[in-house]
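This briefing is meant to be read beside the sequence and the coordinates. It moves from the overall chain to strand pairing, ring contacts, surface and backbone.

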Amino acid sequence: GRSYCVRTQRMLNQCLESLVQKVQSGVVINFEKSGPDPAPVGEDGLVDTSRPINSFASQPWHSCHKLIYVRPNPKTGVPVGHWPIPESFWPDQNSPTLPPRTAHPVVRFSCVDCEPMVIDKLPFDKYELEPSPLTQYILERKSPHTCWQVFVSSSGKYSELGHPFGYLKASTTLTCVNLFVMPYNYPVLLPLL
């Protein structure tokens, strides 16, 4: 943190300018691992079966409280998103109120390598993750052509984990990790479309 002791109007303007430059436009999300750790990847990018998987020891990348950058549209200055992050409950018409929820969504990720899915003319949202132990771990795997699906617990009617609503994927240049937000249960929807 930083504190400012403002004594003049000019100093106030300088402090406000300094604060504005530090503000990042984004949303804070709790990322939590679901299921076992992935198989270790060797130097060649292939799965290394000689190294054991220790899924039970907690690692810093298993749980991260981090920002996703929400970039504004360059023309309008307003951020544009097509799909929401699901709520952690299934709507009940008989309930007079909505259940309470956390200020920051809890997004669970599965470490099973999947094919990234997109189709022409169906929009998706792409958000860059703030650097963290999770982004570092994904980038070190050097697998820009696979992704890990993301879920919100209790978002489905009959399933504890719910259905995937997107995925985490390293950029093709391995410089950052992006959260792709798609329609809910997109692995079923996209082939139908």
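The points below are grouped by topic, after a short summary of the chain.

The model is a predicted one, and its protein chain comes to 3 helices and 7 strands. Read along the sequence, these elements follow the pattern α-β-β-β-β-α-β-β-β-α. The C-alpha trace spans about 65 × 55 × 35 Å along its principal axes, and buried residues make up 33% of the 193 residues in the protein chain.

**Annotated region**

- An unreviewed UniProt entry carries the annotation "domain: Integrator complex subunit 6-like beta-barrel" for residues 58–193, and this assignment may be inferred rather than shown by experiment.
- Over residues 58–193 the model is 11% helix and 23% strand, with the end C-alpha atoms of that stretch 40 Å apart.

**Strand pairing**

- Strand E1 pairs with E2 in the antiparallel sense over 7 bridges, and within this pairing Gly26 has Tyr69 of E2 as its bridge partner.
- E1 is also joined to E3, in this case by 5 bridges and with the two strands running parallel; here the bridge partner of Phe31 is Val107 in E3.
- E3 in turn is joined to E5 by 2 bridges, the two strands running antiparallel, and Arg108 stands opposite Phe151 of E5.
- E5 pairs with E6 as well, again in the antiparallel sense and over 3 bridges, where Val150 has Gly166 in E6 as its bridge partner.
- Both faces of E5 are covered, since Trp148 and Val150 on one side and Gln149 and Phe151 on the other are all buried.

**Aromatic pairs**

- The structure holds 8 aromatic pairs, among them the one formed by Trp61 and Trp148, which is tilted, with 6.2 Å from centre to centre and 35° between the planes.
- The pair of Trp61 and Trp148 links distant parts of the chain, 87 residues apart: Trp61 lies in the loop between strand E1 (26–34) and strand E2 (63–69), whereas Trp148 belongs to strand E5 (residues 148–151).
- Trp61 counts as buried because its relative accessibility is 5%, under the 20% limit for that class, and Trp148 is likewise buried, with a relative accessible area of 4%.
- Another tilted pair is formed by Tyr167 and Tyr186, whose ring centres are 5.9 Å apart and whose planes are 55° apart.
- Tyr167 lies in strand E6 (residues 166–170) and Tyr186 in helix H3 (residues 186–192), so this pair ties together parts of the chain that are 19 residues apart in sequence.
- Tyr167 and Tyr186 are both buried.
- Ring pairs also link Trp61, Phe109, Tyr137 and Trp148 into a cluster.

**Nonpolar surface**

- Tyr4, Val6, Leu12, Leu16 and Leu19 make a nonpolar surface patch of about 380 Å².
- Tyr4, one of the patch residues, is found in the segment before helix H1 (9–22).
- Tyr4 has 31% relative accessibility and therefore counts as partly exposed, the class between the 20% and 50% limits; that value is also over the 30% that a patch residue needs.

**Positive phi angles**

- Lys121 has a phi near 70°, which is a positive value in a residue other than glycine, and its position is in the loop between strand E3 (106–110) and strand E4 (125–129).
- With a relative accessible area of 85%, Lys121 is exposed, because this value is over the 50% limit.
- Ser154 likewise is a residue other than glycine with a positive phi, here near 65°, and it lies in the loop between E5 and E6.
- Ser154 counts as partly exposed because its relative accessibility is 29%, a value between the 20% and 50% limits.

Conventions: Residues are numbered from 1 along each chain as its sequence is written. This is a predicted model: local features need pLDDT of at least 70, side-chain atom pairs count only at pLDDT 80 or more; totals for chains, interfaces and linings use all residues. Side-chain values use heavy atoms; hydrogens and water are left out. Patches are made of residues with over 30% relative accessible area and no salt bridge: like charges are joined within 9 Å, nonpolar side chains (Val, Leu, Ile, Met, Phe, Trp, Tyr) within 5 Å. Accessible areas come from the Shrake-Rupley method with a 1.4 Å probe; for residues, only the protein chains shown count as cover. A salt bridge is a side-chain nitrogen of Lys or Arg within 4 Å of a carboxyl oxygen of Asp or Glu. Helices (H or I, at least four residues) and strands (E, at least two) are DSSP runs, numbered from the N terminus. Buried means under 20% relative accessible area, exposed over 50%, partly exposed in between (1.4 Å probe, protein chains only). Rings of Phe, Tyr and Trp (its six-membered ring) pair if their centres lie within 6.5 Å; planes under 30 degrees apart count as stacked, over 60 as edge-to-face and the rest as tilted. Two strands pair if DSSP finds at least two bridges between them.
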